[in-house]
Amino acid sequence: MSAPPDTVLQVSTEEAAAIREAVLTADLATLGPGRGLAGPQDASDLTDFLADPRVTDAIYDLPRPFTLANVARWIAESEALRREGRRLLILTRDEQGVIAGYSCVSVWPDRSAAELAGALRADRQSGGQGGAGALHTFGWIFDTLGVRLMCLTAAIDNIRSAKLIDAAGFVRMGTRDAVRPDGTTRVSLYWEVTREQWRTRWG
Ligand SMILES: CC(C)(COP(=O)(O)OP(=O)(O)OC[C@H]1O[C@@H](n2cnc3c(N)ncnc32)[C@H](O)[C@@H]1OP(=O)(O)O)[C@@H](O)C(=O)NCCC(=O)NCCS
């Protein structure tokens, strides 16, 4: 499951509370068009979306196997964590209302930290949308949620992710064993970036 950054920041109870509140009140319209929190009504569409291995093969912390029940449970768990200020499971729907991507923001308010995972529908991949969208989302996480640190992982052979994460200015910090929901591990590339580093680069 997603794990907080290796770097540990000192965080006051006030800062942690502000981050929790920011997660609870986040306006997803500021993230981009078509964004919405995943809810029970999305379970069937999300199950279909996740069924494409081009979308999900590279991602370790999804509710496999992708049955309606498992996906519905993941949505419910995400909503419960959102209420604690710890997760945002966000879907992007296209003009036709079809799911075009998802983002899962894990937040550790008492560590002032967040992690992003996500995927685009196959027909939207490799055209620059992921790079642009991820850049916007990283900035949004720092500005809107107020965390001071982000971490990311990617499969060792996920060239597109590695390129876009390096280009965003995240700092490579070796590898980490990412733990799948079934308890098995996957060796992943690991990056971190602080809010200061982010703002120095992107303003
Ligand atoms: C990862 C993902 C979000 C990237 O979005 P994308 O729109 O496909 O990627 P982009 O087109 O923005 O390209 C990102 C980088 O990879 C490069 N790239 C694109 N397609 C590529 C390919 N087939 N082979 C190698 N490099 C490729 C781009 O040139 C770009 O690098 P650059 O900035 O140096 O030019 C998207 O591919 C995806 O959803 N993949 C499946 C799920 C996944 O891997 N999620 C991430 C888990 S960490």
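**Close-up views of a predicted model**

**View 1. Helix α6 gives the most to the shell around the ligand, with six residues.** The model shown here is predicted. In all, 20 residues surround the ligand. The closest are A58, A119, S126, G130 and G131. Three elements give two or more residues to this shell: β4 (113-120), α5 (129-145) and α6 (159-167).

**View 2. The shell around the ligand is made of nonpolar, polar and charged residues.** Nine of its residues are nonpolar. Another nine are polar. The remaining two are charged.

**View 3. Helix α4 spans residues 68-83.** The helix holds 16 residues. At 1.5 Å a residue, α4 should therefore span 22 Å. Its end C-alpha atoms lie 23 Å apart, which agrees with that expectation.

**View 4. Helix α4 has a buried side and another side with exposed residues.** V71, W74, I75 and S78 are the buried residues of α4. These residues cover an arc of only 95° around the axis, so they sit on the same side of α4. On the other side, A69, A80 and R83 are exposed.

**View 5. Other elements cover the buried residues of α4.** The cover includes α2 (43-50). Strand β2 (87-93) is also part of the cover.

**View 6. G85 comes just after α4.** G85 takes a positive phi here. The value is about 75°.

Key. Residues numbered from 1 in each chain as written. Predicted model: local features only at pLDDT ≥ 70, side-chain atom pairs only at ≥ 80, totals over all residues. Near = placed C-beta within 6 Å. Helix = DSSP H or I, 4+ residues; strand = E, 2+ residues; numbered from the N terminus. Nonpolar A, V, L, I, M, F, W, Y, C, P; charged D, E, K, R; others polar. Expected span 1.5 Å × (residues − 1). Buried ≥ 20, exposed ≤ 12 C-beta atoms within 10 Å, placed from the backbone. Arc of directions from axis to C-beta. Contact = placed C-beta atoms within 7 Å.
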